[in-house]
Amino acid sequence: MTEGRLAATELARLFGILSNPLRVQIIEELSDRELTVNDLQTSLGVPHASVSQHLGVLRVNRVVIERRQGRHLDALRQRIGPALQELG
């Protein structure tokens, strides 16, 4: 696969991940600070299960990073802010 095709494939995958509006909102919330799942639930006004489900997709695809302390999820932050700013 050529380098250009590989870049296009990765970009298409990223757009697929960002195709859900709630995931975009989560990334926006995490753009300037770390938050917990409960913080996100409160600020977005959606059920905990919904936030957790979408965070799972973002974590598996390495869009967000989690910081754990023992068994507790301490905070989350997003990794793609600079890349998105370049697109904008």
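Start with the whole protein chain shown as a surface: its accessible area is about 6000 Å², and carbon and sulfur atoms account for 51% of that. Keep in mind throughout that you are looking at a predicted model. Of the 88 residues in the protein chain, 26% are buried.

Now switch to a cartoon. You should find five helices and two strands, and if you trace the protein chain along its sequence they come in the order α-α-α-α-β-β-α. Contact counts add to this picture: taking the contacts in the protein chain with a separation of 6 or more, 45% join residues that lie 24 or more positions apart.

**Stop 1: helix H3**

Select residues 37–44, which form helix H3. Which residues of H3 are buried? They are Val37, Leu40 and Leu44. Their directions span an arc of only 60° around the axis, so these three sit on the same side of H3. Try looking down the helix axis to see this for yourself.

Next, pick Asn38, also in helix H3. Asn38 has a relative accessible area of 47%, so it counts as partly exposed. If you draw a distance from its C-alpha atom to that of Ser52, 14 residues away along the chain, you should get 9.6 Å.

Just after H3 comes Gly45, and its phi is positive, near 70°.

**Stop 2: where H2 meets H3**

Add residues 21–29, helix H2, to your selection. H2 and H3 pack with their axes 11 Å apart, at an angle of about 115°. That angle makes H2 roughly perpendicular to H3. Show side chains here: Leu22, Gln25, Ile26 and Glu29 of H2 make the contact with Leu40, Ser43 and Leu44 of H3. As for handedness, the crossing of H2 and H3 is right-handed.

Zoom in on Leu44, which belongs to helix H3. Is Leu44 buried or exposed? Its relative accessible area is 18%, and because the cut-off for buried is under 20%, Leu44 counts as buried. Setting aside neighbours within four places in sequence, Leu44 is in contact with Leu22, Gln25, Ile26 and Glu29. Take the pair Leu44 and Leu22: they are 22 residues apart along the chain, and their C-alpha atoms are separated by 8.5 Å.

**Stop 3: where H2 meets H4**

Keep H2 on screen and bring in helix H4, residues 48–60. The axes of H2 and H4 come within 10 Å and cross at roughly 80°, so H2 is roughly perpendicular to H4. On the H2 side, the contact is made by Leu22, Arg23, Ile26 and Ile27. The H4 side contributes Ser50, Val51, His54, Leu55, Val57 and Leu58.

It is worth colouring Leu22 and Ile26 of H2 separately. Both are among the residues that make the contact with H3, and both also take part in the contact with H4.

**Stop 4: the loop after H4**

Finally, follow the chain out of H4 towards strand E1, residues 64–69, and select Arg62 in the loop between them. What is the phi of Arg62? The value is positive, about 55°, although Arg62 is not a glycine. You can set this beside Gly45 after H3, whose phi is also positive, near 70°. With a relative accessibility of 58%, Arg62 counts as exposed.

Conventions: Residues are numbered from 1 along each chain as its sequence is written. Side-chain values use heavy atoms; hydrogens and water are left out. Helices (H or I, at least four residues) and strands (E, at least two) are DSSP runs, numbered from the N terminus. Buried means under 20% relative accessible area, exposed over 50%, partly exposed in between (1.4 Å probe, protein chains only). Contact means heavy atoms within 4.5 Å. Accessible areas come from the Shrake-Rupley method with a 1.4 Å probe; for residues, only the protein chains shown count as cover. The arc is that of the directions from the helix axis to the C-beta atoms. Axes are lines fitted to C-alpha atoms, for helices over the stretch in contact, and angles run from 0 to 180 degrees between N-to-C directions. Angles under 35 degrees count as roughly parallel, over 145 as roughly antiparallel, 65 to 115 as roughly perpendicular and the rest as oblique. A crossing is left-handed if the near helix is turned anticlockwise from the far one by less than a right angle, and right-handed if clockwise.
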